[in-house]
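Got the viewer open? Let's take a short walk through this one, selecting as we go.

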Amino acid sequence: MSPRRIAIIGLGRMGWHMAAHLAKAGHVVSACDVVPGVAEKWVDENGGSAFTDAAAAVVGCDIVVTSLPADRELFAVADAILPVLGNGSLWVDHSTTSAEGARVVHARAAERNVAFLDAPVSGGVDGARNGTLTVMAGGDREAFDRAESVMSSYAARITLMGDSGAGQITKMTNQICVVGLCQALAEGLDFAESAGLDVSKVIHVMLQGSSASWQMANRAEKMLAGEYNYGFSTTLMRKDVGLVLDEAKSMNVPLPVTTMVGEMLAEVSRMGGDAWDWCSLMERQRHSH
Ligand code: NAD
């Protein structure tokens with residue numbers, strides 16, 4: 001793709017690295033974060049221009065990428081930028097939000113002839129840093145085709161899942177499949193530790209077997225060491241579990257394991273773990289006996 005002027009809004013744990021890949025790919029980046037000083041720091045490292053105001057950041061850009069915490073921030077940014085964005089602009093949102101929130105913003109954007117894709121990601125901060133994220137998108141084929149070369153700067157697998165909201169539903173499916181798994185890993189590690197085994201050796205063995213997982217490969221040693229100051233926060237995982245349970249309720253689909261782990265994550269929060277990576281379920285497990 002020839003270099004473009006791209007606004008990226010939300011320079012958090014994920015957006016910071018996505019923006020850096022866009023700059024490395026030669027795009028001129030308007031970097032925006034609502035927290036004063038963050039965008040300036042990003043620009044010092046990567047070039048481009050810094051903004052705290054989303055409406056100012058998108059001026060002169062026909063492509064916008066967002067990586068925001070949740071629905072509330074997505075709607076705030078929609079209020080700010082939709083009146084400013086030019087006819088035919090493209091907005092790719094990598095935040096994890098409700099499917100309904102994505103559909104509402106898609107419809108509001110369409111009224112102004114702006115194409116909106118819900119495009120949540122998987123792969124964590126390391127995936128963002130290494131440019132190997134998985135993107136699951138919902139929206140129009142034409143918008144997806146335009147967005148693919150932008151996203152390929154930081155993603156290794158990019159798939160259009162269906163109409164607006166389908167990306168968010170896919171991300172929710174991903175979260176359903178991983179939450180119980182991480183709690184099971186915490187239980188297994190605690191069990192082996194309590195039995196007096198060399199748990200690193202246990203992990204080494206299990207990584208060759210049927211219980212191997214991304215969580216085990218990337219988190220088990222840190223869980224053992226009690227290190228949680230990185231990654232995907234307990235707060236954000238609780239938000240995702242909430243989105244999943246609301247959506248499942250509306251579909252009448254029971255999710256007993258997801259519900260239970262959601263309650264355990266609330267306990268991690270009460271232990272002071274809001275900002276910890278959510279594999280701190282291990283900490284709750286260790287304190288449960
Ligand atoms: P984060 O909280 O670190 O980053 C969000 C950023 O958005 C913050 O820097 C915040 O200041 C900024 N922001 C909020 N409102 C804004 C506004 N109105 N204008 C401009 N900036 C604003 O979160 P994160 O970990 O980078 O996650 C971002 C999204 O990606 C979330 O929806 C999360 O669920 C999802 N996600 C995160 C991970 C992960 O491992 N961290 C993995 C997959 C998906």
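**Start at the ligand**

Colour domain 1 (5-163) and domain 2 (169-286) separately and show the ligand: both domains give residues to the shell around the ligand, so it lies between them. Keep in mind that this is a predicted model.

Next, select everything within 4 Å of the ligand. You should pick up 24 residues, with M14, D33, L68, T96 and K239 as the closest. Colour that shell by class and you get twelve nonpolar residues, seven polar and five charged.

**Backbone contacts**

Now switch on the backbone atoms and look at the oxygen atoms of the ligand. Which distance do you find at M14? A polar backbone atom of M14 sits 2.8 Å from a ligand oxygen. Step back to R13, where a backbone N or O atom is 3.0 Å from an oxygen of the ligand. Then hop over to P69: here a polar backbone atom and a ligand oxygen are 2.9 Å apart.

Put a surface on the protein while you are here. On its own the ligand has 840 Å² of accessible area, and the protein covers 86% of that. For the secondary structure around the ligand, select α4 (71-81), α6 (124-130) and α11 (234-251), the elements that each give two or more residues to the shell.

**Zoom out to the domains**

Hide the shell and go back to the two-colour view of domain 1 (5-163) and domain 2 (169-286). Their centres, taken over C-alpha atoms, are 28 Å apart. Where they touch, domain 1 supplies 16 residues and domain 2 supplies 16 residues.

How much area do domain 1 and domain 2 bury between them? About 1,100 Å², with 57% of it on carbon and sulfur atoms. Last selection: R13, T96 and M136, the domain 1 residues that lose the most area to domain 2, together 39% of what that side buries.

How values were computed:
Residues are numbered from 1 along each chain as its sequence is written. This is a predicted model: local features need pLDDT of at least 70, side-chain atom pairs count only at pLDDT 80 or more; totals for chains, interfaces and linings use all residues. Side-chain values use heavy atoms; hydrogens and water are left out. A polar contact is a pair of N or O atoms within 3.5 Å; within protein, one must be able to donate a hydrogen and the other to accept it, and residues adjacent in sequence count only if both atoms are side-chain atoms. Accessible areas come from the Shrake-Rupley method with a 1.4 Å probe; for residues, only the protein chains shown count as cover. Helices (H or I, at least four residues) and strands (E, at least two) are DSSP runs, numbered from the N terminus. Ala, Val, Leu, Ile, Met, Phe, Trp, Tyr, Cys and Pro count as nonpolar, Asp, Glu, Lys and Arg as charged, and the others, Gly among them, as polar. Domain bounds come from an automatic or database domain assignment. Contact means heavy atoms within 4.5 Å. Buried area is the accessible area (1.4 Å probe) that two parts lose on being put together, summed over both.
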